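The following note is intended for a colleague who is meeting this structure for the first time. The points are numbered so that each may be checked in turn.

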Amino acid sequence: MSQPETLNQAFELGYTYTRSTGPVIGRFLTALKNRKIVGIKASDSRVIVPPMEYDPDTAEELSEFVDVGEQGEIVSFAWVKEPRESHPMQVPFAWAMIKLDGADVPMVHCVAAAAESDIATGARVRAVWADETIGFITDIRCFELV
Amino acid sequence: MSDEQDEITVINAPVYLKYNFTAGKAPARYLTQLKKGVLTGQRCPKCSAVYVPPRGSCASCGVATEEEVELSDKATVESFTIVSIPIPGNPIEPPFVVANLVLDGSNISLIHLLSECVNEDVHIGQRVQGVWNPESEWDYSMNNIRYFKPIDEPDVPVEKIGTLPVTGLEG
Amino acid sequence: MKDIAIVAYQQSDSVSDAGAVNEVELIMPVLARTFEQAGLNSAQDVDFVCSGSCDYLQGAAFAFVSGVDALGAVPPIKESHVEMDAAWALYESMLKIRMGHADSALIYGFGKSSPGDLPTVLSQQLDPYYLAPLWVDSISLAALQARLMLDKGLITERDMAEVVSRSRRNAMNNPHAQLSGDISVEDVLAEETFLSPLRKADCSPISDGASAMIIATVDQAKAWGLPYVVISGIDHCIETHNLGMRDLTDSVSTRMAANHAGMNAGKVDVAELYAPFSHQELILTRALGLDKETQVNPSGGVLAGNLMMASGLSRIGEVFNRIVKGEAQRGIAHATSGPCLQHNLVTVLEKGENA
Ligand SMILES: [Zn+2]
């Protein structure tokens, strides 16, 4: 039997999805386009940001939107020393769970900081808007320390 | 624009993922031989079926195929279709013929193009042979064979398609 | 209801890059050993086959269909597939047997994660509007979870390092392990952080490999004359996809599944837990209320080798091996899926007559 060579081929798979937002996610993304952040009230009145369509505990359809602040507090963070190619920032940054002012449930987004030692649980952060907002989660380019 | 038109109802959320594919042992052997202009199948140790391109197992018996078998570039049309609609990204102008071809010496068909033929005359059992690109262009690719074309040999009876030895119908 | 038992289990080595080995070539040797262990010839000798795999891992559409080429599916067999860990293929197979549609089943799982960037690939299983477009990778989410634990004083970095050290040492007795060695807690703590607060050692490696199992009704196992281990309970529960609404410091769904599966009906000698990150082993151990009576991850767990889509089945197989060898009478196996232990399956295993 002949000895095979090792044959490699790099390739990229592309899935060019478009997605319908539905009314709840659409409302959130429309607000982002207008540089505002909205949440939704859960069955137990907790404010969820970004808004969910149904309450995960009761399965109740949710519809009561609430404006929340663009500032908030870091609940947890992870320091990315070496960003991956797909990451929204190509310099060291943090992923964080951020509880926005007026919200009860933290959201996950990225935080710009010069060094890991600058950031801490409980630190205050503020949304940094993209130059052009289009109605997409990356309209919030990142959060920055206040 | 009214507020209503500004409502977001659809997003573009493309996903691109990068990979580095490594061919398995059996396909790598096949492609290495193909670069040398040789078509190679693998024989099942249990049922003797010859697979091309080989994937490393006999799908019927579920055992590894290891014995290599050199095949002819002559083949028999097992089935075919005439493609009349353009396929995005495909440089070939329709109409063209895509066929299931069983290489002499193998038992399983592979798919390739038929050309230098009258499309309407293509038929099951027809004898064809590979038209190779110049040797200087050979790569680890089935594109080394540009297409198959009809040859002047008698048709293979339907019941014998997929059973021919490497020497063909007469052999 | 027919009692169901495991009669055979085999796993490939866990390797960082299987290289020039395609799906069939990965699975076939493992299946051959599994059939041999059960004294069977091929998939023709069982009533049902179910596999677990995920085409996104290697970026090959219908890779799971290629897997079927390893089975010998002529004449046709009854076959199914889950785009999940093969532990869930076991679950489907048990339903098939319980419904009376089969008396035996072959289950296998395989994963070739090396061709892609696994943490990035896994980011695309997240919420497609809010998280996937940010490309939050699986390690980063686990790091957020670990920080919550550390900040609340529920664990220390030393606790995490102890999990790693024990895994590496236990794995020295696991011939299929990818990472093993006499590594001390201090050795682990001396390592710099990778994705703070996680060190590389806190994260399971990227692995290629496969595992396979044969189950049957106890009657069938006895007819085959094989040592068997009874699956006395199995259940799985899932939590919301919204990470912010979960208590990430606990695993409520694991506890629920374990209760439903009857874990607490007896002593648990051994537990194999699918914890891809060191702190998650601590979450699971506490969620299940395991104490010193229970040996946790004697195989080294998935920190010693993480076969995506197969390591959940392997956890069950590892417990089967210990009970068959007489090292344990009763044990539990846990499998997980999704970010930060979102979806969890618990199996309870007990010694059969011949084992
Ligand atoms: Zn065969």
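1. In this predicted model, strand 4 (residues 104-112) and strand 7 (residues 208-217) of chain C run antiparallel and are joined by nine bridges. Within this pairing, G111(C) has G209(C) of strand 7 as its bridge partner.

2. What order do the strands of the open sheet in chain C follow? The sheet consists of ten strands, arranged 3-2-4-7-1-8-12-11-9-10, and its pairing is mixed. Strand 3 (79-82) and strand 10 (295-296) of chain C lie at the edges; each has a single partner strand, so one side of each has no neighbour in the sheet. As a general point, strands of a sheet pair through backbone hydrogen bonds, in either a parallel or an antiparallel manner.

3. Helices of chain C accompany this sheet. Helix 10 (residues 252-261) of chain C packs on the sheet and touches strand 8 (229-238), strand 11 (330-337) and strand 12 (343-351) of chain C. The direction of helix 10 makes about 145° with that of strand 8 of chain C. Helix 12 (residues 311-324) of chain C lies across several strands of chain C, among them strand 1 (4-11), strand 4, strand 7 and strand 9 (270-272). Relative to strand 1 of chain C, helix 12 runs at about 105°.

4. The contact between chain A and chain C should be considered next. It draws 38 residues from chain A and 36 residues from chain C. The two chains bury about 3200 Å² between them, with 64% of that area on carbon and sulfur atoms. In general, the size of an interface is often expressed as the accessible area lost when the parts come together.

5. Polar and charged pairs are also found between chain A and chain C. Three salt bridges are found across this interface, and one joins the side chains of K81(A) and E192(C), at 3.2 Å from N to O. Twelve residue pairs are in polar contact across the interface of chain A and chain C, both residues being at pLDDT 80 or more.

6. Which elements of chain A supply two or more residues to the side that touches chain C? They are strand 1 (8-15), strand 2, helix 1 (22-33), strand 6 (71-80), strand 7 (93-100) and strand 8 (107-112) of chain A. Strand 6 of chain A provides the largest share of that side, namely six residues. By class, the side of chain A that touches chain C has 25 nonpolar, eight polar and five charged residues.

7. Strand 6 of chain A also pairs across the chain boundary: two bridges join it to strand 5 (residues 193-196) of chain C, and the two strands run antiparallel. Here V80(A) stands opposite L195(C) in strand 5 of chain C.

8. Chain A also meets chain B, in a contact that takes 29 residues from chain A and 27 residues from chain B. The area buried between chain B and chain A is about 2600 Å², and carbon and sulfur atoms give 57% of it. In chain B, the residues that lose the most area to chain A are I8(B), I11(B) and Y19(B), which together account for 23% of what that side buries.

9. How many salt bridges are found across the interface of chain B and chain A? There is one, and the side chains of K18(B) and E85(A) meet in a salt bridge at 2.7 Å, N to O. In addition, 14 residue pairs with both members at pLDDT 80 or more are in polar contact across the interface of chain B and chain A.

10. On the side of chain B that touches chain A, strand 1 (10-12), strand 2 (15-22) and helix 2 (25-35) of chain B each supply at least two residues. Strand 2 of chain B gives the most, with eight residues. This side of chain B has 14 nonpolar, six polar and seven charged residues.

11. Strand pairing also links chain A and chain B. Strand 2 (residues 18-20) of chain A and strand 1 of chain B run antiparallel and are joined by three bridges, with S20(A) opposite V10(B).

12. Some backbone details remain. The peptide bond between P94(B) and P95(B) is cis, with omega about 0°, and P95(B) is in the loop between strand 8 (74-83) and strand 9 (96-103) of chain B. In chain C, the bond from S196(C) to P197(C) is cis, with omega near 10°; P197(C) is in the loop between strand 5 and strand 6 (198-199) of chain C. A59(A), a residue other than glycine, has a positive phi near 65°.

Definitions and conventions. Residues numbered from 1 in each chain as written. Chains lettered and ligands numbered in written order. Predicted model: local features only at pLDDT ≥ 70, side-chain atom pairs only at ≥ 80, totals over all residues. Heavy atoms only, no water. Contact = heavy atoms within 4.5 Å. Buried area = accessible area lost by both parts, 1.4 Å probe. Salt bridge = Lys/Arg side-chain N within 4 Å of Asp/Glu carboxyl O. Polar contact = N/O pair within 3.5 Å; in protein donor to acceptor, adjacent residues only side chain to side chain. Helix = DSSP H or I, 4+ residues; strand = E, 2+ residues; numbered from the N terminus. Nonpolar A, V, L, I, M, F, W, Y, C, P; charged D, E, K, R; others polar. Pairing = 2+ DSSP bridges. Axes fitted to C-alpha atoms, helices over the stretch in contact; angles between N-to-C directions.
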